[in-house]
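Colleague: Could you take a close look at one part of this protein for me? I would like to follow how its helices pack.

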Amino acid sequence: MMAAPGKLASFRLPPLPTIGELIKLYNLRAEKQLSQNFLLDLRLTDKIVRQAGSLRDAHVCEVGPGPGGLTRSILNAGVSDVLVVEKDTRFIPGLKLLSEAAPGKMRIVHGDILTYRMDRGFTENISKPWGEDPPNLHIIGNLPFNVSTPLIIKWLEAIANRTGPFVYGRTRLTLTFQKEVAERLTASTGSKQRSRLSIMAQYLCTVRNCFTIPGQAFIPKPEVDVGVVHFTPLVQPQIPQPFKLVEKVVRNVFQFRRKHCYKGVEMLFPEMCRLELTQEMMQKADVDPTLRPAELTIPQFRALVDAYAQFCDREPAFLGYEFREELRLKHLSKRRNKTTAKPSGTPPSSQRAC
Ligand code: SAM
């Protein structure tokens, strides 16, 4: 009996040494100081890959493949091709073995994902206009936590600017994080985990906390559990302002997370006009100043950022104002005055703006 055409086309990897055998064969001891924790259970790596949705004929970039467990699951999911980016030289021979078992389907980049130019990694013809469905391009990875958090912040900015992996359209991401970070990324209004990261991720993406992997599933076992998070960039960001401006307002509001939100808003302005402008900004945004930062919805953050953008249009010096910098300068000037007993000189330009 003939197999259905779809079945004929589907690819399965031939029998290979297990990931455990490969680790022994190439002496791939996990480097604790590099936070390397491997997944050897292919049912678990299959489960991570399923969170990306259908990968039929997809182009995938896998970040940090290590000994290649997740890579095997990606290859078995019917992808067109996978590009792996691995920093540690020791894994390259094992990855080459895997690529020989999947001819024409796997490219290996020996490099650092924090600097790798993914906008050059795939051909332009896989792109989809931003307003349409996402392209058939996915990023998947189980990276060390000290890499995955700065990386997602970098990629959120790239989503806002449609650069890097997002020159191809609304590229979807399926990534692992420390469980607490996964909870923060997906926390809803009013929840204990609501933080700067929740707003920054959710104003740009639909974010889903898929499932938690217990630490003991990894070799060696990390101190913490791991959360798998899926991101789909939104067609319209919920806050239509430059990323850096959104980041500044959100960071300041969460500065004092247990206090009323106006306390953080105050820090957006130089000391001499702080009280007056904060009151004006809260009124403009129509946000109750006594709400706590975690109680603010994204539309309320949008109203705050819009109001702050108006102040910055009126007085561009506010854009560069950072209250921590003002504190530092004050401290320095106090120390200098103590030694010279002279007046502290001209205030910074943002102060003069008030
Ligand atoms: N994905 C494999 C797994 O699930 O078993 C390995 C996971 S291990 C936690 C993280 C992998 O990311 C390691 O292979 C490590 O060498 C690699 N890695 C760490 N930092 C990286 C970076 N900046 N760029 C690319 N790869 C990196």
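Modeller: What follows is a walk around helix 12 and its partners, then a step back to the whole chain. Keep in mind that this is a predicted model.

Start with the domains. The protein is divided into domain 1, residues 19-233, and domain 2, residues 243-352. Helix 12 covers residues 298-314. Follow its contacts with two other helices.

Take helix 11 first. This helix spans residues 274-285. Helix 11 and helix 12 pack at an angle of about 130°, and their axes lie 8 Å apart. The two helices are therefore oblique to each other. Their crossing is right-handed. Which residues of helix 11 meet helix 12? They are Leu277, Glu280, Met281, Met282, Lys284 and Ala285. On the helix 12 side you find Ala303, Leu304, Ala307, Tyr308, Gln310, Phe311 and Arg314. Sort the residues of this contact by class: 9 are nonpolar, 1 is polar and 3 are charged.

Now turn to helix 9, residues 243-253. The axes of helix 9 and helix 12 come within 10 Å and cross at roughly 115°. That angle makes helix 9 roughly perpendicular to helix 12. This crossing is right-handed. Helix 9 brings Leu245, Val246, Lys248, Val249, Val250 and Val253 to the contact. Helix 12 answers with Phe301, Leu304, Val305, Tyr308, Ala309 and Cys312. By class, there are 11 nonpolar residues, no polar ones and 1 charged.

Look at Leu304 and Tyr308 again. Both take part in the contact with helix 11. Both also take part in the contact with helix 9.

Step back to the domains. Their centres, taken over C-alpha atoms, are separated by 36 Å. How many residues of each domain are in contact with the other? Domain 1 gives 16 and domain 2 gives 14. The size of an interface is often given as the accessible area lost when the parts come together. Between domain 1 and domain 2, about 1,300 Å² is buried. Carbon and sulfur atoms give 70% of that area.

Two backbone details are worth finding on screen. Most residues other than glycine have a negative phi, and most peptide bonds are trans. Aspartate 57 has a positive phi of about 60°, although it is not a glycine. Aspartate 57 sits in the loop between helix 3 (42-50) and strand 2 (59-63). Isoleucine 219 and proline 220 are joined by a cis peptide bond, with omega about -15°. Proline 220 lies in the loop between strand 8 (218-219) and strand 9 (226-233).

Notes
Residues are numbered from 1 along each chain as its sequence is written. This is a predicted model: local features need pLDDT of at least 70, side-chain atom pairs count only at pLDDT 80 or more; totals for chains, interfaces and linings use all residues. Side-chain values use heavy atoms; hydrogens and water are left out. Axes are lines fitted to C-alpha atoms, for helices over the stretch in contact, and angles run from 0 to 180 degrees between N-to-C directions. Helices (H or I, at least four residues) and strands (E, at least two) are DSSP runs, numbered from the N terminus. Angles under 35 degrees count as roughly parallel, over 145 as roughly antiparallel, 65 to 115 as roughly perpendicular and the rest as oblique. A crossing is left-handed if the near helix is turned anticlockwise from the far one by less than a right angle, and right-handed if clockwise. Contact means heavy atoms within 4.5 Å. Ala, Val, Leu, Ile, Met, Phe, Trp, Tyr, Cys and Pro count as nonpolar, Asp, Glu, Lys and Arg as charged, and the others, Gly among them, as polar. Domain bounds come from an automatic or database domain assignment. Buried area is the accessible area (1.4 Å probe) that two parts lose on being put together, summed over both.
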